[in-house]
Amino acid sequence: METLMCPRDSGKFIAENSKDVFVDSEGVKNVAEMLVTKITNNQLTLAGWKSLHELNPQTVDEDSVNWVFLSDTLNFSFWSESQDHKCLVTYKGKMYSGYWSLCAAINRALDEGIPFTKASYFATMTLEELKHILRSDSEEPMPMIEERHCVLKETGTILLKNFGGSYLNCVKASEKSAQKLIQIVVENFPSYRDEAMFQGKRVAFYKRAQILVADTWSVLEGKGDGCFNDISTVTMFADYRIPQALVHLGAMRYSEELMEKLTKGVMFHSGETQEVEIRGCSIWCVELICERLLELFEKKGEKKSKDINPVLLDHYLWDYARDHLEEMKQIPFHRVRCIYY
């Protein structure tokens with residue numbers, strides 16, 4: 001069988017062979033220069049994960065680690081067909097959409113006394129129970145509810161059988177290696193195996209597996225079991241919002257043919273060539289932005305290696321995309337319904 005490339009190598013290979021998506025070197029430099037100020041002002045930090053997102057767990061304990069596992073197991077396909085029809089969840093008087101609607105629903109369930117983060121519960125829950133937990137406060141339901149139910153039951157069953165029902169045991173088994181934890185996750189939990197074929201090569205994106213590792217690092221504040229010395233080897237999380245931001249910022253370009261498809265709202269399939277190019281080029285683009293940032297700080301005589309990695313850049317770019325939706329609407333995101341992102 002063809003050797004499977006890791007996400008970083010996959011991104012490089014795809015970018016070097018892409019026909020419809022292009023990484024723009026000048027745009028990469030411009031984005032890096034824009035981010036210098038953000039890093040200097042401590043706007044890209046590990047602490048930001050907790051302080052900027054009020055729905056994220058604020059404690060450092062096993063319950064918070066299992067919350068992260070549950071949320072990332074369900075972290076896929078939140079985009080809406082239109083801005084006027086969104087799944088919305090109200091929590092503590094505030095309304096949330098997209099991924100945050102899931103987080104709000106999880107916290108709402110926990111406040112109601114439902115042990116949603118326990119594998120013994122979600123491994124055996126019914127579809128009706130899940131529909132109740134993820135109920136929307138708008139007329140638009142949570143997308144792919146049946147797929148989410150299947151993923152939860154499968155994942156919970158494996159977690160109980162192989163890891164004593166706690167994701168923290170997966171973390172401990174990784175021995176403080178981000179890459180080892182990624183492998184544990186993708187080898188044991190099928191829904192995390194985000195792979196494709198591109199020009200005869202097996203490529204991997206592992207969007208949810210990598211974000212799971214990054215969120216574990218964040219919730220544990222990079223300490224104890226979450227002290228991953230190789231966290232910088234985790235790439236950005238190839239989804240549909242960050243490519244949109246990278247094109248908007250000029251770090252990536254689309255061919256006319258691809259842009260026409262995006263504008264028409266064509267639905268792509270997971271693993272389709274142009275979809276793979278968008279995701280792969282996004283990974284490589286962020287890698288190059290990281291490299292450029294490190295060069296800029298080295299020229300200034302500053303050591304910022306701990307403050308610069310694809311995970312922290314992903315956090316910033318994802319928030320940027322969320323906060324600049326109106327400005328970016330002329331750059332359509334690619335539409336895919338799948339369990340991988």
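This is a short walk through one protein chain, from its overall build to its core, a few single residues and its empty spaces.

Hi everyone, thanks for coming. One thing before we start: what you have in front of you is a predicted model.

Let me begin with the whole chain. There are 15 helices and eight strands in it. Along the principal axes, the C-alpha trace spans about 50 × 50 × 45 Å. Does that go with a compact globule or against it? For 341 residues, a compact globule would have a radius of gyration near 20 Å, and this chain comes out at 19 Å, so the two agree. Burial is worth a look too: 56% of the 341 residues are buried. And if you take the contacts with a separation of 6 or more, 75% of them join residues 24 or more positions apart.

Now to the inside. In soluble globular proteins, nonpolar side chains tend to be buried together. Here the largest nonpolar core has 115 residues. Which residues have the most contacts inside it? They are Phe-116, Phe-122, Tyr-167, Phe-189, Leu-246, Ile-289 and Leu-293. Helix H14, residues 273-299, gives the most to this core, with eleven residues. If you would like one of those residues to click on, try Phe-189. Leaving out residues up to four places away in sequence, Phe-189 touches Phe-69, Thr-155, Ile-158, Leu-159, Phe-163 and Cys-170.

Just before Phe-189 in the sequence you will find helix H10, residues 178-188. Its buried residues are Ala-178, Leu-181, Ile-182, Ile-184, Val-185 and Val-186. They pack against helix H8 (145-163), helix H9 (167-173) and H11.

Next, please turn to the N-terminal side and helix H1, residues 7-17. The buried residues there are Pro-7, Ser-10, Gly-11, Phe-13 and Ile-14. What covers them? The cover includes strand E4 (195-198), strand E5 (201-204), helix H11 (207-219) and H14.

Val-203 lets us see that packing from the other side. It sits in strand E5, and with a relative accessible area of 0% it is buried. Among the residues Val-203 touches are Ser-10, Phe-13 and Ile-14, three of the buried residues we just listed for H1. Val-203 also touches Leu-4, Met-5, Glu-195, Ala-196, Phe-198 and Val-276, again not counting residues up to four places away in sequence. Val-186 from H10 is 17 residues from Val-203 along the chain, and their C-alpha atoms are separated by 14 Å.

My other single-residue stop is Asp-72, in helix H4 (residues 62-73). Is this aspartate buried or exposed? It counts as buried, because its relative accessibility is 0%, and the cut-off for buried is under 20%. Beyond residues up to four places away in sequence, Asp-72 touches Tyr-99, Tyr-192, Arg-208, Ile-211, Leu-212 and Asp-215. For a sense of reach along the chain, Asp-72 and Ala-214 are 142 residues apart, with 10 Å between their C-alpha atoms.

A quick word on backbone angles, since somebody always asks. Lys-92 has a phi near 50°, a positive value in a residue other than glycine. Tyr-206 also has a phi near 50°. Lys-92 is in the loop between strand E2 (89-91) and strand E3 (94-96), while Tyr-206 lies in the loop between E5 and H11. Their surroundings contrast: Lys-92 counts as exposed at 71% relative accessibility, whereas Tyr-206 counts as buried at 4%.

Last topic: empty space. Rolling a probe the size of a water molecule over the atoms shows where empty space is left. How many cavities of 30 Å³ or more does the structure hold? One. The largest cavity has about 30 Å³ of space, and its lining is Phe-78, Ser-80, Cys-87, Gly-98, Ser-101, Met-142 and Pro-143. By class that lining divides into four nonpolar, three polar and no charged residues.

The second largest pocket has a different mix. About 300 Å³ of space lies in it. Of its 15 lining residues, Gln-83, Arg-241, Gln-244, Lys-329 and Phe-333 are the closest to the centre. The whole lining has five nonpolar, five polar and five charged residues.

That is my tour. Happy to rotate the model for anyone who wants another look!

Conventions:
Residues numbered from 1 in each chain as written. Predicted model: local features only at pLDDT ≥ 70, side-chain atom pairs only at ≥ 80, totals over all residues. Heavy atoms only, no water. 1 Å grid on protein atoms, 1.4 Å probe; cavity = no way out; pocket = protein on both sides within 12 Å on 5 of 7 lines; lining within 4 Å. Points joined across faces, edges and corners; volume = space filled by probe spheres on them. Nonpolar A, V, L, I, M, F, W, Y, C, P; charged D, E, K, R; others polar. Core = buried A, V, L, I, M, F, W, Y, C linked by side-chain atoms within 4.5 Å. Buried < 20%, exposed > 50% of the residue type's maximum accessible area, 1.4 Å probe, protein only. Helix = DSSP H or I, 4+ residues; strand = E, 2+ residues; numbered from the N terminus. Contact = heavy atoms within 4.5 Å. Rg over C-alpha atoms; globule rule 2.2 N^0.38 Å.
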